[in-house]
Amino acid sequence: MTAAAAPSGWYKGRVKAVPSGDSMVIMAAQKADLSPPPEKTITLSYIIAPRLARRGGIDEPFAWDSREYLRKLCIGKEVSFRADYTVSSIGREFCSVFLQDKNVTSMVVAEGWAKVREQGQQKGEASPFLAEFLRLEEQAKQQGLGRWSKLPGASEASIRKLPPSAVGDPSNLDAMGLLAANKGRPMQGIVEQVRDGSTVRVYLLPEFQFVQVFVAGIQSPSMGRRGVADSVFEPETSSDEPNGEVSAKIRVPLTSAQRVAASSASSTEIAPDPFGKEAKHFTETRVLNRDVRIVLEGVDKYSNLIGSVYYPDGDSAKDLALELVQNGLAKFVDWSANMMEEDAKRRLKSAELQAKKERLRIWTNYVPPATNSKAIHDQNFTGKVVEVVSGDCIIVADDAVPYGSPLAERRVNLSSIRCPRMGNPRRDEKPAPYAREVKEFLRTRLIGRQVNVSMEYSRKVGMADGVVATAGAADSRIMDFGSVFLVSPSNVEGDVVSSTLPTAGSQQAGVNIAELLVGRGFGTVVKHRDFEERSNYYDALLAAESRAIAGKKGIHSAKDSPVMHITDLVTASAKKAKDFLPFLQRSRRLPAIVEYVLSGHRFKLLISKETCSIAFSFSGVRCPGRDEPYSDEAIALMRRKILQRDVEIEVETVDRTGTFLGSLWESKTNMAVVLLEAGLAKLQTTFGADRMADAHLLAKAEQSAKQQKLKIWENYVEGQEIANASGTENSRQKEVLQVAVTEILDGGRFYIQPVGEQKVASIEQQLASLNLQETPLIGAFNPRKGDIVLAQFTADNSWNRAMIVNARRGAVQSPKDEFEVFYIDYGNQEVVPYDRLRPLDPSVSSMPGLAQLCSLAYIKVPSLEEDFGQEAAEYLSEHTLNSSRELRVMIEERDTSGGKAKGQGTGTVLIVTLVDVEAGTSINAAMLKEGLARLERKKRRDSRERQSALDNLEEFQEEAKSKRLNMWQYGDIQSDDEESTMPVKNAGGRR
């Protein structure tokens with residue numbers, strides 16, 4: 001309706017409902033905010049239609065057909081109307097209504113669905129349309145149209161045979177029987193009343209069962225309750241007198257269905273919930289008095305019918321539940337949604353999430369719950385799959401990082417899926433059913449293959465599997481999730497998935513690995529909480545899961561997973577390993593799978609033919625050990641070349657630790673040759689060259705690396721190394737490094753940093769390129785013990801990599817909170833405030849520290865607390881730390897008993913000879929000569945090399961003794977009569 005009448009008194013509006021054959025409800029134009037507009041109930045002037053059945057009664061002849069004609073003619077359409085007269089005693093207006101340029105009353109009368117009532121004398125002027133109505137009525141009578149039908153029995157046939165539920169007795173409705181007969185089958189219906197946005201009362205055709213249907217999967221805001229149900233009951237008097245001359249006799253009667261609806265009114269008034277009126281109006285304008293399809297989904301414990309409601313919209317049908325949720329007028333409810341199909345549930349849940357994000361209507365004040373996931377944007381890369389960790393986690397070598405670099409490997413957890421867990425042998429956890437099958441499925445399809453990776457979100461989880469970490473938890477880690485696409489999938493039966501296209505900005509199409517797994521029944525889709533980040537292809541994953549469940553594939557089948565018993569000889573005793581040796585030597589070459597790369601030359605292999613896993617090492621070939629230079633490069637090379645690949649091995653023997661020795665080939669290439677050619681291993685022929693496969697190729701590969709001075713041979717000088725065949729300890733070539741001393745701990749211990757190495761320049765360049773921000777907000781950055789961060793050195797305000805050694809418990813409270821840090825590239829340690837710390841990118845923090853703890857070989861130097869300890873430290877500092885001389889260290893041995901570095905003075909210790917290149921002497925000898933150190937005692941089991949070194953240094957100690965310098969001023973401190981003059985503490989030295 002327009003806000004005001006036009007000069008002629010005509011109004012415009014849209015027909016909202018048609019209660020009977022001669023009345024309708026007209027509403028004004030729809031508002032933008034979906035709030036209910038003004039509406040008016042009017043009766044067509046000068047006619048009376050047959051009455052529909054009331055409670056316990058029956059229809060008048062042709063009453064239903066009359067109502068249906070007017071409903072189909074006008075419902076939802078725009079009309080013009082004008083009030084002709086009003087009967088104030090019953091508060092009803094009688095109007096002329098035009099549909100476009102046609103008088104609705106004329107059309108009703110012409111079709112014979114109402115009879116004309118002549119105007120009363122008290123109404124004044126006669127209607128200009130009355131004569132036309134009478135003419136049309138006479139014409140309809142002559143033609144036998146509508147209620148004037150002349151067919152025998154037509155009148156009786158037009159009266160509906162109503163079930164009890166349609167005449168006010170819903171208790172006789174068998175809800176379970178109705179559901180059983182019609183579940184999942186569309187039923188035609190007409191909505192007679194809308195109780196609230198998600199509850200409608202419907203005539204189910206053709207039986208005219210009158211039922212209340214709760215819309216499945218949703219709930220709209222309540223409409224509350226009215227105080228008194230006075231507006232729904234009306235006098236049951238009727239009259240054929242013209243135009244309401246008898247008071248209370250021409251009010252349009254309620255149908256029996258409307259009276260059933262009215263009977264639920266309560267005397268206790270409850271106000272509607274926010275947006276309750278809007279939700280009800282939204283539903284009314286779409287389904288009230290309209291033909292709908294009802295699909296019954298279930299029945300609740302109170303025998304209420306739960307169903308989906310579909311209404312026509314042009315040539316298509318729309319889901320009422322989905323429309324309400326999309327417009328923020330209903331919320332998703334699990335209990336009734338669980339009765340629906342998975343696709344319908346997924347659409348409702350997605351629509352609700354979008355409405356929450358846009359804060360539509362009922363979600364206006366919605367506050368998203370805290371989540372431990374964070375979106376990752378614009379982090380797409382391509383690479384080759386190096387390792388399948390589990391069914392939902394792989395490691396990909398990024399093509400953008402140099403080949404063979406340990407930094408190239410990136411761990412990618414597949415977004416939004418969960419596969420059976422592999423278990424943890426250390427905790428005695430066995431693999432879950434289908435876990436091995438899933439891992440093998442991925443291994444055969446991904447290892448060594450090119451993939452596109454689209455990183456989507458990261459999530460903080462507890463160190464224990466599957467535990468969601470709370471904010472700031474110290475025992476948590478960050479996991480990165482993404483979608484992985486196989487660029488050139490192999491055509492394997494059963495691998496068909498829906499066509500998956502990359503999102504905008506990605507480079508190539510491919511098969512989504514997560515969808516492939518879920519479709520084969522090898523994983524389930526994670527049911528994310530609201531506002532939790534998820535896969536960009538989440539709908540495709542859910543569809544694949546539905547197909548797998550329907551097909552009873554994999555973990556969804558009733559079959560038990562295949563059982564495979566593997567004998568683990570890696571953790572077994574050496575005796576048991578030796579007992580297996582004959583079985584492994586029966587065939588010259590055995591097929592195997594490389595499960596783990598333990599070091600550059602040692603691996604864990606699975607031999608399916610013998611159902612065992614073994615520790616395997618190259619015979620006669622050794623790579624640098626852990627924490628030694630180029631150890632990581634050797635491991636990275638072997639991971640790229642053979643990890644989880646099908647290989648062939650030839651077992652020669654087993655050593656005393658239970659490790660099998662032999663040769664290994666991948667694609668007919670001896671992998672020991674690859675290591676030697678790259679300069680990442682040495683050949684040790686003490687094993688017996690005659691027993692080694694391809695011995696001549698191994699020797700040739702090592703010689704080639706030496707000539708090119710690759711990796712471990714970068715300081716190699718022809719002729720300095722004694723032939724390997726000598727078999728003596730002197731054949732070991734000592735590693736020599738050019739270094740700078742960066743920190744002095746005492747007279748015998750100090751930190752060094754390599755000079756001129758590429759990795760030193762690389763780290764310095766990365767640190768220089770960092771864009772340092774302002775002090776982090778309190779709580780956004782909480783350094784923990786062991787974290788690698790960026791710290792500002794107090795002495796010169798430079799920013800350097802540092803390890804947190806000690807930190808306060810709990811979260812940071814103030815910018816002045818103090819942290820003890822160890823500078824991993826220099827070896828010094830200090831306490832700095834929080835505002836001198838910054839977070840560091842993992843690509844920079846993951847590189848090993850440059851500072852290496854060293855101890856002078858063959859000598860014992862007093863500690864700082866002992867006599868002459870301070871003088872020894874000052875001497876060492878003067879000749880190294882505060883000097884511009886060129887220094888080199890020769891590594892005599894490595895002491896790894898300290899474990900990993902956890903601060904100053906901890907970690908692996910290099911036992912070295914420190915050489916002043918310019919002076920041509922060692923600092924070790926110089927300190928002996930000054931009387932600031934003494935030689936270590938000789939032992940019977942010393943090697944010849946050590947005995948020779950001690951003999952060479954002894955002359956320097958003797959010179960200091962003879963001159964009574966420093967610690968020798970009172971004579972020989974090692975003699976029996978002078979033992980008591982020395983401090984009780986032992987001198988600091990090699991551990």
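R67, E68, R71, E192 and D291 are linked in a network of salt bridges, and that makes a good place to begin our walk. Keep in mind as you look around that this is a predicted model. The network has plenty of company, for a search of the whole structure finds 46 salt bridges.

Let us look at a few individual pairs. The side chains of R639 and E387 form a salt bridge, with N and O 2.7 Å apart. R639 belongs to helix α15 (residues 631-642) and E387 to strand β18 (residues 380-390), so this pair ties together parts that are 252 residues apart in sequence. Are these two residues buried or exposed? Both R639 and E387 are buried.

Another pair is made by D942 and R946, whose closest N and O atoms lie 3.2 Å apart in a salt bridge. Here too, both D942 and R946 are buried. A salt bridge also joins the side chains of K963 and E959, with an N to O distance of 3.2 Å. E959 has a relative accessible area of 26%, so it counts as partly exposed.

Now turn to the cysteines. How many disulfides does a search of the whole structure find? The search finds zero disulfides. As a reminder, a disulfide is a covalent bond between the sulfur atoms of two cysteines. You can still visit some cysteine positions: C74 is buried, with a relative accessible area of 0%, and C393 is buried as well, at 4%.

Next, find helix α7, which covers residues 276-287. Its twelve residues, at 1.5 Å a residue, should span 16 Å, and the C-alpha atoms at its ends are 17 Å apart, which agrees. Nine of the twelve residues are buried, so α7 is largely enclosed by the rest of the structure. Those buried residues are G276, E278, A279, H281, F282, T283, E284, T285 and V287. Just after α7 you will meet N289, which takes a positive phi of about 60°.

Helices can also be viewed in pairs. Two packed helices are described by the angle between their axes and the distance between the axes. Take helix α10 (residues 342-358) and helix α13 (residues 538-550): their axes come within 10 Å and cross at roughly 160°. Because angles over 145 degrees count as roughly antiparallel, α10 is described as roughly antiparallel to α13. The crossing of α10 and α13 is right-handed.

Some loops hold backbone details worth a stop. Between β10 (199-204) and β11 (209-215) lies a loop that contains P206. The peptide bond leading from L205 to P206 is cis, with omega near 5°. Further along, the loop between α17 (695-708) and β35 (736-744) holds K711. K711 is not a glycine, yet its phi is positive, near 50°. With 37% relative accessibility, K711 counts as partly exposed.

Our last stop is around strand β38. N797 sits in the loop between β37 (788-792) and β38. Although N797 is not a glycine, it has a positive phi of about 60°. N797 is partly exposed, with a relative accessible area of 40%. N806 lies in strand β38 itself, which covers residues 799-806. At 38% relative accessibility, N806 counts as partly exposed. To finish, look from N806 to G786: the two are 20 residues apart along the chain, and their C-alpha atoms are separated by 8.4 Å.

Notes: Residues numbered from 1 in each chain as written. Predicted model: local features only at pLDDT ≥ 70, side-chain atom pairs only at ≥ 80, totals over all residues. Heavy atoms only, no water. Salt bridge = Lys/Arg side-chain N within 4 Å of Asp/Glu carboxyl O. Helix = DSSP H or I, 4+ residues; strand = E, 2+ residues; numbered from the N terminus. Buried < 20%, exposed > 50% of the residue type's maximum accessible area, 1.4 Å probe, protein only. Expected span 1.5 Å × (residues − 1). Disulfide = S-S within 2.5 Å. Axes fitted to C-alpha atoms, helices over the stretch in contact; angles between N-to-C directions. Parallel < 35°, antiparallel > 145°, perpendicular 65-115°, else oblique. Left-handed = near helix turned anticlockwise from the far one by under 90°.
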